[in-house]
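User: Could you walk me through a model with me? I'd like to ask about the inside first and then about how some helices pack.

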Amino acid sequence: MLTWRLHHTLQNPLRRDPISWRGYEGRLGKFVTYVEPRFDRFTPVMTAAFVVIVPPVVGMSLLVIFFPAPLLALLASLLFGLRTVERISAYLAGEHRRRAYDLLCSLPAGKISLHWVYATQWFQATPVTRMVLRGLMILGLAAAPFLVGGWLMWITHERAVAFWFADTLAFWAFLLYEYFNTRIVAVLIGMLVPALTRKTRTIFALAVGGYLLVQVVTYLLGAVVAVTLLPDLLVRLNAPPIAAIVIGPITAVVVIVFRELLTHGLWHTLRTCLNTTREEINSYIY
């Protein structure tokens, strides 16, 4: 699966090329050592306050966000993808603005190396961001049965357990795939748009707008398939009520296949725009 290959590669960025350090200049300051302040006198007081105050606050916060956690996980992935596509496209647009883009692309590594540097830089999440994203994902997976299947008990009665199980598995698959694929789509769009135009404002508008359009189309596709197409098809086929159990899984499959095909399309278009061969661009992923 291309999504997983790209995600695995971008989690392990290649820095061996000298040009790569240009993309990491902004991160060098994070490695500067400093002397931590001493709080020896206040350590017992701070420890006691931490033990007394933090657990109740954390517990209440988890309780409040538990049930909407699946939606919060999707929103967090969406926002982090938005930040990713904006940063990648903005930095490549900056190379256009400084008139350094053509010079950097003329190096032996070619255009793909320049674009890949900024993609690998901004794909990486800070430890805090990574903790938030993964925490919301875990909570989302845990709360999915309550959000997706809980309300079916009042509608389907004896069939509630079967519907609950199928819809929960379908939503789990969609949530996990969206967690990985959202940033991949953001990276590909962020690399692609600056290769199509040189105007900074146009790059920003097309990159952010294209990313948001992909997300909206994905969710609309899922809604149309689940609410309109599949129910109407089951009615036309005179299927028994229990057949509606396939709506959730089929919807998840349709959405995942759509996004994977879109990922392949973006990857192919990127290769064409950067004038690279299939073997050359595929050498960047493993």
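Analyst: What follows covers internal cavities and then one helix contact. This is a predicted model, in which local features need pLDDT of at least 70 and side-chain atom pairs count only at pLDDT 80 or more, while totals for chains, interfaces and linings use all residues. Residues are numbered from 1 along each chain as its sequence is written, and side-chain values use heavy atoms, with hydrogens and water left out.

User: How many cavities of 30 Å³ or more does the search find?

Analyst: The search of the whole structure finds 1 (a cavity being a set of points on a 1 Å grid over the protein atoms alone where a 1.4 Å probe fits but cannot get out).

User: Which residues line the largest cavity?

Analyst: Its lining consists of Ser77, Phe80, Leu133, Tyr179, Thr182 and Arg183 (lining residues have an atom within 4 Å of a point). Helix H4 (69-97) and helix H9 (160-196) are the elements that give two or more residues to that lining (helices are DSSP runs, H or I, of at least four residues).

User: Which element gives the most?

Analyst: That is H9, with 3 residues.

User: New topic: at what angle do the axes of H1 and H6 cross?

Analyst: The axes of helix H1 (residues 2-10) and helix H6 (residues 111-123) cross at roughly 85° and come within 9 Å (axes are lines fitted to C-alpha atoms over the stretch in contact, and angles run from 0 to 180 degrees between N-to-C directions). H1 and H6 are therefore roughly perpendicular to each other (65 to 115 degrees).

User: Which residues make the contact?

Analyst: Leu6, His7, Thr9 and Leu10 of H1 meet Trp116, Ala119, Thr120 and Phe123 of H6 (contact means heavy atoms within 4.5 Å).

Terms used
1 Å grid on protein atoms, 1.4 Å probe; cavity = no way out; pocket = protein on both sides within 12 Å on 5 of 7 lines; lining within 4 Å. Points joined across faces, edges and corners; volume = space filled by probe spheres on them. Parallel < 35°, antiparallel > 145°, perpendicular 65-115°, else oblique.
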